[in-house]
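Reader: Hey, I've got a structure open and I'd like to talk it through. Can we begin with the empty spaces inside?

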Amino acid sequence: MPARFAFRRYRLPFRAPVRTAHGLWTEREGLILRLENEAGAIGWGEVAPLQGFGTEGVEAAAEACARLGDTFGAEELPRIPPAFLCLRSGLATALAELDRPEEPETGAARDAYLPVAALLAAGRLGLAQIGPKAEAGFRTFKWKVGVGDAADELILLDDLCAALPAGARLRLDANGAWDRRRAELWLERCADRPVEFVEQPIAPSARRADDLLLGLAGDYPTPIALDESLSGGESVERWLGAGWPGIFVVKPALLGAAPAAWALLAKAAADRVVFSSALETAVGARSALRLAFGWPATSRALGFGVWPLFVDGRFDGPAAGPFLYAESIRRLNVEVLWTALS
Ligand code: MG
């Protein structure tokens, strides 16, 4: 039997604008999906598009939801066009929740808590944040690069590395801002520094981006992470097929309904996966974090150090600390979000 389907749209201002190499971002738009079956079980999903990642837009997703009518069944999922990556992800999540008895994934999770990467502000502001965050217990730090003046950022890299507590590591995220020359310069610099990886040095839209990324990954010792290059399950399968030796930053919200890609990742690269936020609400984050807690390898620090994120705190996931606890995920009450949007 198909389940009753409903969706609500949200537009949520961020507490502070998010600054990346793509510019300033001030609010999040998306959809919350709700399925309810005859037995009264409820499944939640979220559509949190990031068009910079090649997903559909929120408008198109909302129109597609309206066309679904007020029921939806698992047999309809394959009919959602592949280009609707986020809608497919959200519907697949909601369907899976319908079939799942009370919260077994987190309840039976191997790890009761997972480490979280501390997000540092871009530029010099990030430097002053290391001390307090280290004090709080963070040992993985993430710093956006390709945002300000390149020469200044390179000098700052040394200051940041010097400020790290013993054993800590730094993730750099260029959000595709560099060309090959600049990426090489940075990767040379990173080679003997405590840099865990350099994320998306080259934009996926750059000429011969895939070859360039594979070349850089082979030429330098610091691992390179794919983030914007991963959009949809096929992209994951393609990179695995190409023998990608680096890290996969996976935003489950953007992968589409992709069981084959997940299975391949778990088999071939489980210890090279970083679960990461798409700056979605607690609905999407909850399903992403359940995956992380059930992942068959010791987790690298989660890219979920984003909360509090929204002006309306009801939409936030658990506040960012050095660890995320399975219990906090279990306690999230997503019904509250739904009601807030009525
Ligand atoms: Mg990134």
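Author: Sure, definition before anything else: on a 1 Å grid over the protein atoms alone, a cavity is a set of points where a 1.4 Å probe fits but cannot get out, and lining residues have an atom within 4 Å of a point. Grid points are joined across faces, edges and corners, and a volume is the space filled by probe spheres set on the points. This is a predicted model, where local features need pLDDT of at least 70 and side-chain atom pairs pLDDT 80 or more, while totals for chains, interfaces and linings use all residues. Residues are numbered from 1 along each chain as its sequence is written, and side-chain values use heavy atoms, with hydrogens and water left out.

Reader: OK, how many cavities of 30 Å³ or more are there?

Author: The count is 2. The largest cavity has a volume of about 40 Å³.

Reader: Which residues line the largest cavity?

Author: Lys142, Arg171, Phe197, Glu199, Val249, Val274, Ser276 and Gly303. By class that lining has 3 nonpolar, 2 polar and 3 charged residues. Here Ala, Val, Leu, Ile, Met, Phe, Trp, Tyr, Cys and Pro count as nonpolar, Asp, Glu, Lys and Arg as charged, and the others, Gly among them, as polar.

Reader: And what lines the second largest cavity?

Author: Its lining is Phe53, Asp227, Leu230, Val249, Val250, Lys251, Leu254 and Leu255. That gives 6 nonpolar, no polar and 2 charged residues. The volume of the second largest cavity is also about 40 Å³.

Reader: Switching to the metal: which residues are the protein donors of the magnesium ion?

Author: Asp173 (OD), Glu199 (OE) and Asp227 (OD), lying 2.0 to 2.3 Å from the ion. Donors are N, O and S atoms within 2.8 Å of the metal (3.2 Å for Na, K and Ca), and water is not among the atoms, so sites may look incomplete. Along the chain the donors follow the spacing D-x25-E-x27-D. Asp173 sits in strand S8 and Asp227 in the loop between strand S10 (224-226) and helix H8 (233-241), 54 residues apart. Helices (H or I, at least four residues) and strands (E, at least two) are DSSP runs, numbered from the N terminus.

Reader: Are Asp173 and Asp227 buried or exposed?

Author: Asp173 and Asp227 are both buried. Buried means under 20% relative accessible area, exposed over 50%, and partly exposed in between (1.4 Å probe, protein chains only).

Reader: What does the sheet look like, and in which order do its strands run?

Author: The sheet is open, with 7 strands in the order S6-S7-S8-S9-S10-S11-S12 and parallel pairing. Its edge strands are S6 (118-120) and S12 (273-275), each pairing on one side only. Two strands pair if DSSP finds at least two bridges between them. S8 (residues 169-173) and S9 (residues 195-199) share 4 bridges, and Arg171 has Phe197 in S9 as its bridge partner.

Reader: Any odd backbone spots? Which peptide bond is cis?

Author: The one from Trp307 to Pro308, with omega near 0°. Pro308 is in the loop between H10 and strand S13 (323-325).

Reader: And where does Asn175 lie?

Author: Asn175 is in the loop between S8 and helix H6 (180-190). Its phi is near 45°, a positive value in a residue other than glycine. Asn175 is buried, at 7% relative accessible area.

Reader: What about Arg208, buried or exposed?

Author: Arg208 counts as exposed, at 55% relative accessibility. Arg208 has a positive phi of about 50° although it is not a glycine, and it lies in the loop between S9 and helix H7 (209-219).

How values were computed. 1 Å grid on protein atoms, 1.4 Å probe; cavity = no way out; pocket = protein on both sides within 12 Å on 5 of 7 lines; lining within 4 Å.
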